[in-house]
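Me: Please take a close look at one part of this model and then work outward from there. I would like the contacts, the burial and the backbone angles treated together, with every cut-off stated.

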Amino acid sequence: MSATAIIASAAYVGSELSAELGQLPPAFLPVSSGRLFEMQVATLRAHFSRIVLSVPSDFDVPDADREWLEDNQ
């Protein structure tokens, strides 16, 4: 298994969500007690050996999210 999955999240959410949650890429939206990308990675991990998450170039990934991403490769 050498396939790569890409979680495309290189733009920010629209103005309605941004007004509620702040300027976030879609994969960083809160879901339950985590982030959407956590659920996406859990689902994709069974089928892909590599998972790439794109984010806007000016997005500063919060430390807790960066730590989770590093811990989960």
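Reply: Leaving aside residues up to four places away in sequence, P30 touches L21 and L24, where contact means heavy atoms within 4.5 Å. P30 is found in strand β2, and helices (H or I, at least four residues) and strands (E, at least two) are here DSSP runs, numbered from the N terminus. With a relative accessible area of 46%, P30 is partly exposed; buried means under 20% relative accessible area, exposed over 50%, and partly exposed in between, with a 1.4 Å probe and protein chains only. The C-alpha atoms of P30 and G14 are separated by 15 Å, and these two residues are 16 residues apart along the chain.

The model is predicted, so local features need pLDDT of at least 70 and side-chain atom pairs count only at pLDDT 80 or more, whereas totals for chains, interfaces and linings use all residues. Residues are numbered from 1 along each chain as its sequence is written, and side-chain values use heavy atoms, with hydrogens and water left out.

In the loop between β2 and β3 lies S32, whose phi is near 55°, a positive value in a residue other than glycine. S32 is exposed, at a relative accessible area of 77%. Q73, in the segment after α3, also has a positive phi, of about 50°, although it is not a glycine, and Q73 is exposed with a relative accessible area of 81%. As background, most residues other than glycine have a negative phi.

Turning to the aromatic side chains, F28 lies in the loop between α1 (15–21) and β2 (30–31), and F59 in the loop between β4 (50–53) and α3, so their pair ties together parts that are 31 residues apart in sequence. F28 and F59 meet edge-to-face, at 4.9 Å centre to centre and with 65° between the planes. Rings of Phe, Tyr and Trp (its six-membered ring) pair if their centres lie within 6.5 Å, and planes under 30 degrees apart count as stacked, over 60 as edge-to-face and the rest as tilted. F28 is buried at a relative accessible area of 1%, and F59 counts as buried at 13% relative accessibility. The structure holds four aromatic pairs, and one aromatic cluster is formed by Y12, F28, F37, F59 and W68.

Two members of that cluster, F37 and W68, also take part in the contact between α2 and α3, which is made by F37, E38 and V41 of α2 and D65, W68 and L69 of α3. Helix α2 (residues 36–44) and helix α3 (residues 63–71) pack at an angle of about 5°, with their axes 11 Å apart; axes are lines fitted to C-alpha atoms, for helices over the stretch in contact, and angles run from 0 to 180 degrees between N-to-C directions. The two helices α2 and α3 are therefore roughly parallel to each other, a label for angles under 35 degrees, with over 145 counting as roughly antiparallel, 65 to 115 as roughly perpendicular and the rest as oblique.

D65 also forms a salt bridge with R35, at 3.0 Å from N to O, a salt bridge being a side-chain nitrogen of Lys or Arg within 4 Å of a carboxyl oxygen of Asp or Glu. By this rule the count comes to one salt bridge. D65 lies in helix α3 and R35 in strand β3 (residues 34–35), so the pair ties together parts that are 30 residues apart in sequence. At 6% relative accessibility, D65 counts as buried.
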